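Student: I have a structure open in front of me and would like to learn how to read it. Could you walk me through some of its features?

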Amino acid sequence: MNDSLLLLMIVIATAIAFDFTNGFHDTANAMATSIATRALTPRVAVGLCALLNFAGAFLSIKVAAVVASGIVESGSITTTTVFAGHIGAISWNVATWYFGLPSSSSHALIGGVVGAAVAANGLSAIIAEGLVGDVLIAAVIAPILAFVVAGVSIVLTYRVVGRSRPGPVTRGFRFGQIISGGLLALAHGTNDAQKTMGIMTLALVANGNLAPDAPVPDWVKVTAASAIALGTYTGGWRIIKTVGSRIIRMDAAQGFAAQGAGATVILVATHFGYPLSTTHVINGGVIGAGAAKRLSAVRWGVAGNIAVAWVLTLPAAAAVGALVYGFTEIFGKGAAGPIIVSAAILVVLALVFVRRFQESSATAPTAS
């Protein structure tokens with residue numbers, strides 16, 4: 001096997017690993033509110049989310065096209081920069097999962113690739129218009145829009161059902177959450193799986209397997225969709241707890257409003273090809289649904305920690321991506337550097353998951 005093919009295989013494997021962490025990390029985006037209000041049991045919720053994430057990945061490729069050609073100059077991308085970018089994104093996903101913070105897998109991936117590309121080629125590698133217009137501006141507008149839509153929705157909802165009996169109302173909104181949560185999961189697949197498709201396509205172009213204007217191959221679509229669906233089914237329970245119960249104490253109507261607002265914003269963005277952070281959107285919806293009821297309903301300290309993680313995502317992932325690229329360059333242009341980095345990452349991840357499992361076992365209730 002030649003060095004070029006081995007390096008491409010490592011890059012594809014890393015992309016699949018990132019997509020798995022994306023699904024694992026972002027399960028909370030679609031189903032945390034349904035689980036919190038008991039509209040769905042946890043396993044049914046993540047199973048439905050995984051299935052709809054997989055289906056959503058095939059509905060549009062506009063976001064994949066933007067990520068593949070609208071943020072970083074394709075001529076400056078090599079398989080090594082794609083590898084380094086994915087390692088930056090995976091590192092941030094694992095770190096925020098460890099602390100139970102909802103952060104953007106999308107921005108982590110974009111930040112990692114941008115950091116690696118800048119380390120390799122300087123600032124000329126970045127398409128400023130695409131990074132600012134398609135990513136940064138959307139990152140500010142999307143959660144605010146979801147906040148407003150969810151807030152208005154919950155105010156109108158309370159006025160309509162305020163005098164109705166709580167039992168039937170709650171059951172009705174729990175049923176509605178199944179629909180809105182499913183729509184949000186579908187929307188998540190249309191946006192988030194597309195980003196990995198775009199980056200995998202970049203790697204294939206960089207390695208000479210695809211022409212720069214070639215469409216996303218079908219096997220790339222299936223691979224990305226399968227990886228994010230599997231990660232989703234595994235479920236990031238720590239982040240589910242944060243989104244579902246630590247930001248606000250949520251009722252079924254608030255969950256329905258937050259999910260409906262999130263799904264609407266994400267589907268509109270996907271239609272126009274904006275690579276949104278679905279994490280930002282659903283958390284904006286959750287905060288909006290809580291604040292519209294009363295400001296004190298929101299745990300602003302938790303919301304503030306989440307906001308800090310949002311701000312740090314792009315630069316932190318970019319920094320790791322740049323450092324990984326610099327390290328791999330020490331070993332030349334071949335596969336040696338990525339192999340060493342991959343081995344080190346696997347060891348670190350194993351230690352992190354073992355420690356987290358031990359902590360969970362130590363705090364689990366024992367049978368009497």
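Tutor: Happily! Let us begin with accessibility: Ala-350 counts as partly exposed because its relative accessibility is 42%, a value that falls between the 20% and 50% cut-offs. Ala-350 sits in helix H13. Keep in mind as we go that this is a predicted model.

Student: What separates Ala-350 and Phe-327, in sequence and in space?

Tutor: Along the chain they are 23 residues apart, and their C-alpha atoms are 22 Å apart in space.

Student: Helix H13 makes me curious about pockets. Which helices each supply at least two residues of the lining of the largest pocket?

Tutor: Helix H13 (336-363) is one of them, along with helix H1 (3-36) and helix H4 (79-98). The biggest share of that lining comes from H1, which gives eight residues.

Student: How much space lies in the largest pocket, and which residues are the closest to its centre?

Tutor: The largest pocket holds about 320 Å³ of space. It is lined by 19 residues, and those closest to its centre are Ala-17, Ile-90, Ile-345, Leu-346 and Leu-349.

Student: How does the lining of the largest pocket divide by class?

Tutor: Sort the lining residues into nonpolar, polar and charged, and you get 14 nonpolar, five polar and no charged residues.

Student: Since helix H4 came up, is Thr-80 buried or exposed?

Tutor: Thr-80, which lies in helix H4, is buried, because its relative accessible area of 7% is under the 20% cut-off. You can also compare sequence and space here: Thr-80 and Ala-116 are 36 residues apart along the chain, with 8.5 Å between their C-alpha atoms.

Student: I would like to try helix H10 next. Why does Ile-266 count as buried, and why does Leu-267 count as partly exposed?

Tutor: Both residues are placed in helix H10, which spans residues 252-272. Ile-266 counts as buried because its relative accessibility is 0%. Leu-267 counts as partly exposed because its relative accessibility is 32%.

Student: And how far do these two lie from partners elsewhere in the chain?

Tutor: For Ile-266, take Arg-294: they are 28 residues apart along the chain, and 26 Å separates their C-alpha atoms. For Leu-267, take Ala-316: that pair is 49 residues apart in sequence and 28 Å apart in space, C-alpha to C-alpha.

Student: Now to charges. How many salt bridges does a search of the whole structure find?

Tutor: The general idea is that side chains of opposite charge can pair when their charged atoms come close. Here the search finds two salt bridges. In one, Asp-218 pairs with Lys-221, and the closest N and O atoms are 3.9 Å apart.

Student: Where do Asp-218 and Lys-221 lie, and are they buried or exposed?

Tutor: Both are in helix H8 (residues 218-234), three residues apart, which is about one turn of the helix. Asp-218 is exposed, as its relative accessible area is 58%, whereas Lys-221 counts as buried at 19% relative accessibility.

Student: Which side chains meet in a salt bridge at 3.8 Å, N to O?

Tutor: Those are Lys-293 and Asp-251. Lys-293 lies in helix H11 (residues 278-293) and Asp-251 in the loop between helix H9 (237-246) and H10, so this pair ties together parts that are 42 residues apart in sequence. Lys-293 is partly exposed, with a relative accessible area of 40%, and Asp-251 is partly exposed too, at 24%.

Student: Which residues form a nonpolar patch on the surface?

Tutor: Among its members are Val-132, Leu-136, Ile-144, Phe-147 and Leu-156, and the patch has about 980 Å² of accessible area together. Ile-144 is placed in helix H6 (residues 128-161).

Student: One last topic is backbone angles. What is phi of Arg-38 near?

Tutor: Phi of Arg-38 is near 65°, a positive value in a residue other than glycine. You will find Arg-38 in the loop between H1 and helix H2 (42-56). Arg-38 is exposed, because its relative accessible area of 69% is over the 50% cut-off.

Technical notes
Residues numbered from 1 in each chain as written. Predicted model: local features only at pLDDT ≥ 70, side-chain atom pairs only at ≥ 80, totals over all residues. Heavy atoms only, no water. 1 Å grid on protein atoms, 1.4 Å probe; cavity = no way out; pocket = protein on both sides within 12 Å on 5 of 7 lines; lining within 4 Å. Points joined across faces, edges and corners; volume = space filled by probe spheres on them. Helix = DSSP H or I, 4+ residues; strand = E, 2+ residues; numbered from the N terminus. Nonpolar A, V, L, I, M, F, W, Y, C, P; charged D, E, K, R; others polar. Patch = residues over 30% accessible without salt bridge, like charges linked within 9 Å, V, L, I, M, F, W, Y side chains within 5 Å. Areas by Shrake-Rupley, 256 points an atom, 1.4 Å probe, with all protein chains shown as cover. Salt bridge = Lys/Arg side-chain N within 4 Å of Asp/Glu carboxyl O. Buried < 20%, exposed > 50% of the residue type's maximum accessible area, 1.4 Å probe, protein only.
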